[in-house]
Amino acid sequence: MSSTVQPEQDVAKGQGKTKVILYWLEKSRAQRILWLLEELKIDYELKTYKRVNMVAPPELKEIHPLGKSPLLSVQAEGAPEPLVLAESGLIAEYLIEHFGPSLAPSQYQNGKEGQVQGETEEWLRYRYFMHYGEGSLMPFLVILLVLRTIREKSPFFIKPIANAITGNIESMFLKPNLESNFNFLESQVKSAPDGGGYLCGSKLTGADILLSYPLSAAKGRAGLSKEKYPALFEYVIRLEAMEGNKRAIQKIIDIEGSYDPSL
């Protein structure tokens, strides 16, 4: 099932008129791309989809063979057909490069342009955290979701066994790995350059936006608490309070009637 919001006009930001469509799926990583579009203040068309038995509906396979979300199509003025982008990192990098370079730090230190190890700390953090969420943090959160779904969906006569198995996996494998990630992020927030505030320095970047979704979910159900990780928790609250993020959430509420940040 899907619904569509039409833009008032096409994107025009130094690239000519460009048609942008975001294919948004409930309870998915697509929400952070919606925030990114709002942060960039570019016009776009939003098509929303509901999950069917916890998975994406088959209609999304008409857009991309894997049928996952987020998906973004971009069609420049005069182009014969749109470019369809999948994977949050690629989508974010493409949008930032063409429509919002201010959301990426400067790559090189002054006088070291093009040199090996001439990069700024802000840029190295940015490139790392653009991939960290999907590569390091999200797998543990997805496993946590699977285990909790097994507990909830298990028939009553095997529920004690399911609870014991999933509980052991959580305590022996998931909890220590999640704690390692949260401790790491706590230290990164505290040591951010230029006075901090965000992971890569004093300004919001695309990396912060990409990490907002898994960290908001972790705050609710994966042990990311204010007591144990005060700097990280405050950072997540700061992201959640940003106007672009709130506009993205309100847009979904206006269309769907509610917004659920659950994984």
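In this predicted model, helix α3 comprises the 33 residues 121–153, and at 1.5 Å a residue α3 should therefore span 48 Å. The C-alpha atoms at the two ends of α3 lie 46 Å apart, which agrees with that expectation. The helix nevertheless carries a kink of about 55 degrees, centred on tyrosine 132.

Two other helices pack against α3, and each may be taken in turn. Helix α2, formed by residues 88–99, meets α3 at an angle of about 140 degrees, and the axes of this pair are 9 Å apart. Because angles over 145 degrees count as roughly antiparallel, α2 and α3 are classed as oblique to each other. The crossing of α2 past α3 is right-handed. On the α2 side, the contact is made by Gly89, Ala92, Glu93 and Ile96, while α3 contributes Tyr126, Arg127, Met130 and His131. Sorted by class, this contact between α2 and α3 holds four nonpolar, two polar and two charged residues.

The second partner is helix α4, which covers residues 159–190. Helices α3 and α4 pack at an angle of about 160 degrees, with 9 Å between their axes. That angle makes α3 roughly antiparallel to α4, since the class takes in angles over 145 degrees. Here the crossing is left-handed, as α3 passes α4. The contact of α3 with α4 comprises 18 nonpolar, seven polar and six charged residues.

Taken together, α3 is oblique to α2 and roughly antiparallel to α4, with a right-handed crossing in the pair α2 and α3 and a left-handed crossing in the pair α3 and α4.

Note on methods:
Residues numbered from 1 in each chain as written. Predicted model: local features only at pLDDT ≥ 70, side-chain atom pairs only at ≥ 80, totals over all residues. Heavy atoms only, no water. Helix = DSSP H or I, 4+ residues; strand = E, 2+ residues; numbered from the N terminus. Expected span 1.5 Å × (residues − 1). Bend = angle between axes of the 7 residues up to and from the residue. Axes fitted to C-alpha atoms, helices over the stretch in contact; angles between N-to-C directions. Parallel < 35°, antiparallel > 145°, perpendicular 65-115°, else oblique. Left-handed = near helix turned anticlockwise from the far one by under 90°. Contact = heavy atoms within 4.5 Å. Nonpolar A, V, L, I, M, F, W, Y, C, P; charged D, E, K, R; others polar.
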